[in-house]
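Here is a short tour of some helix packing and charged pairs, written for someone who would rather look at contacts than read a fold description. Have the viewer open alongside.

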Amino acid sequence: MKMPTNTGNVEMTLETLLKILDYSSDEIFVLDGEMRILYVNKVCERHYGLKPRDIIGKYNVELFEKGYWKPSIVPEVYRRKEPCYMRQQTYIGAELMTTAIPILNNKNEIELVVITSTEIQKMKIMNAIEDQVESKSTQQDEDEEITIVTNSGEIKGILEFCKKVAPTDSNILILGESGTGKGAFSQYIHKVSNRNKRPFLAINCAAIPEELLESELFGYSKGAFTGANKLGKQGLIEAADGGTIFLDEIGEMPLSVQAKLLQLIQEKQFIPVGSSEMKKVDVRIIAATNQNLQAMIENKLFREDLFYRLNVIDIHLPPLRERREDIIPLTYNFLNKFNQKYNDNKVISEECLNILTHYSWPGNVRQLENLIERLVIISNSIIQIADLPDMIKESTNQAVCRSHYTTLDKALDETKRNLVRRSYQIHKSSRKVASDLGISQTKAVRLIKEYCGTEGQVHRPS
């Protein structure tokens, strides 16, 4: 296909066309008559955390049933056979205005469907359809759920396990490094449990002074101690009656409070501070820690009997560095979140994403979330490598070097490969590559065949 320009004819190859579509700011989907995905541009990574190769060839319903977006416009356009419009939300938080246009054959059957999706946040910024997108519908608010953003098979397995144990009343202990999402998983378990109509209350045992933690959890009667409320105060345990209480950093709980918690678990009752009245409650306890409780038991810092009461069901959350396939979807999830919070529409460069996927994330998901908020605030319209903290850039460069070049020979070979490929892409001639790299043409021909794959059929001068 030739496209005339003022300077002559420019060949529009398929490769060029696909590159142009990838630079579109909108998502572009193409489905066939069987609702199979024939094409999607790179914007899908921003909306679903999936690369095109993860999507192309699949049936649309496969991805919809996995919850990557809701609702689906596809059944409507195939039923009506005319353009359809719909507002959608992806599982990583992007809100889209979607248009589906059917292409019919001479028998009035759908041959192709072209779907384009524009981010509503971008439309808000442009004030193009401000009146249509100022607020969410009531139905969306009613259907809102706790969503764990993941492409990790391990995390998906943990979510299925959570669904299995959620309907029970068994206590749960969530283990994992700081920032891995223990609080989010505890909320998810409550949301899919039979207690989801009752309160979910959380307390960080490390954030409250030891002398106040007992009264915060169990409440106190009037005049229980100096400075106490004259009328007394209800504790979180009583306030969560019928629901779930999440005890984060359980390893920081003082031994005196551990004893009272053990009594609560065993007898479903407790006595508020300064009171003689026994109170009955029905609460499910989900505890979490990043500490080694077994070692703490050996050092007499944690009660063994409480450990076994809490550890009826245990869940181990892997650190982010062990599930790197989640870095990209989480990045876009937080990008959507903070774009909405700050009424912005920042995008992130591919080079910057590459740095993030190679970083070790010692602070896990929490560190990634905090970084993305910082980047949305300080960056220009496109988040670039220069916007990243030096610590991340330096650490990632070292990690990339270690992972790519384990020996000097491999490092030299990679350098040679890059030089030959770059030279051949520019010159398209073995003679010119030889001149450019200062080697013989015979050697240039051999290296081009070795490093340039199918392009190895080099152009020789006639």
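What follows goes through two helix pairs, then salt bridges, then one asparagine.

Keep in mind that this is a predicted model.

**Two helix pairs**

Start with H11 (residues 210-218) and H13 (residues 255-267), whose axes come within 10 Å and cross at roughly 20 degrees. Angles under 35 degrees count as roughly parallel, and H11 and H13 are therefore roughly parallel to each other. The crossing of H11 past H13 is left-handed. On the H11 side the contact is made by Glu214, Leu217 and Phe218, and on the H13 side by Val257, Lys260, Leu261 and Leu264. Sorted by class, that contact of H11 with H13 has five nonpolar residues, two charged ones and no polar ones.

Now swing over to H9 (residues 153-165) and H10 (residues 182-191). Their axes are 9 Å apart, and the helices pack at an angle of about 40 degrees. H9 and H10 are therefore oblique to each other. This crossing is right-handed. H9 brings Ile155, Ile158, Leu159, Cys162 and Lys163 to the contact, while H10 brings Phe185, Tyr188 and Ile189. By class, the contact of H9 with H10 has seven nonpolar residues, one charged residue and no polar ones.

**Salt bridges**

How many salt bridges does a search of the whole structure find? The count is 22. Three of the pairs are set out here, with the distance between nitrogen and oxygen.

| Basic residue | Acidic residue | N to O distance |
|---|---|---|
| Lys260 | Glu214 | 3.0 Å |
| Lys279 | Glu238 | 3.2 Å |
| Arg303 | Asp305 | 2.8 Å |

The Lys260 and Glu214 pair takes us back to the H11 and H13 contact, where both residues take part. Lys260 lies in helix H13 and Glu214 in helix H11, so their salt bridge ties together parts that are 46 residues apart in sequence. Are these partners buried or partly exposed? Buried means under 20% relative accessible area, so Lys260 counts as buried at 13% relative accessibility. Glu214, at 25% relative accessibility, counts as partly exposed.

The side chains of Lys279 and Glu238 also meet in a salt bridge. This pair links distant parts of the chain, with Lys279 in strand S13 (residues 279-280) and Glu238 in helix H12 (residues 236-239), 41 residues apart. Lys279 has 23% relative accessibility and so counts as partly exposed. For Glu238 the value is 23% as well, so Glu238 counts as partly exposed.

In the Arg303 and Asp305 pair, Arg303 counts as partly exposed because its relative accessibility is 29%. Asp305 has 31% relative accessibility, so Asp305 counts as partly exposed too.

There is a network to look at as well: Glu76, Arg79, Arg80 and Glu82 are linked by salt bridges.

**One asparagine**

Last stop, Asn60, which is found in helix H4 (residues 60-65). Is Asn60 buried or exposed? Its relative accessibility is 4%, so Asn60 counts as buried. Which residues does Asn60 contact, leaving aside neighbours within four places in sequence? Asn60 is in contact with Leu31, Met35 and Ile37, and also with Trp69, Ser72 and Val74.

How values were computed: Residues are numbered from 1 along each chain as its sequence is written. This is a predicted model: local features need pLDDT of at least 70, side-chain atom pairs count only at pLDDT 80 or more; totals for chains, interfaces and linings use all residues. Side-chain values use heavy atoms; hydrogens and water are left out. Axes are lines fitted to C-alpha atoms, for helices over the stretch in contact, and angles run from 0 to 180 degrees between N-to-C directions. Helices (H or I, at least four residues) and strands (E, at least two) are DSSP runs, numbered from the N terminus. Angles under 35 degrees count as roughly parallel, over 145 as roughly antiparallel, 65 to 115 as roughly perpendicular and the rest as oblique. A crossing is left-handed if the near helix is turned anticlockwise from the far one by less than a right angle, and right-handed if clockwise. Contact means heavy atoms within 4.5 Å. Ala, Val, Leu, Ile, Met, Phe, Trp, Tyr, Cys and Pro count as nonpolar, Asp, Glu, Lys and Arg as charged, and the others, Gly among them, as polar. Buried means under 20% relative accessible area, exposed over 50%, partly exposed in between (1.4 Å probe, protein chains only). A salt bridge is a side-chain nitrogen of Lys or Arg within 4 Å of a carboxyl oxygen of Asp or Glu.
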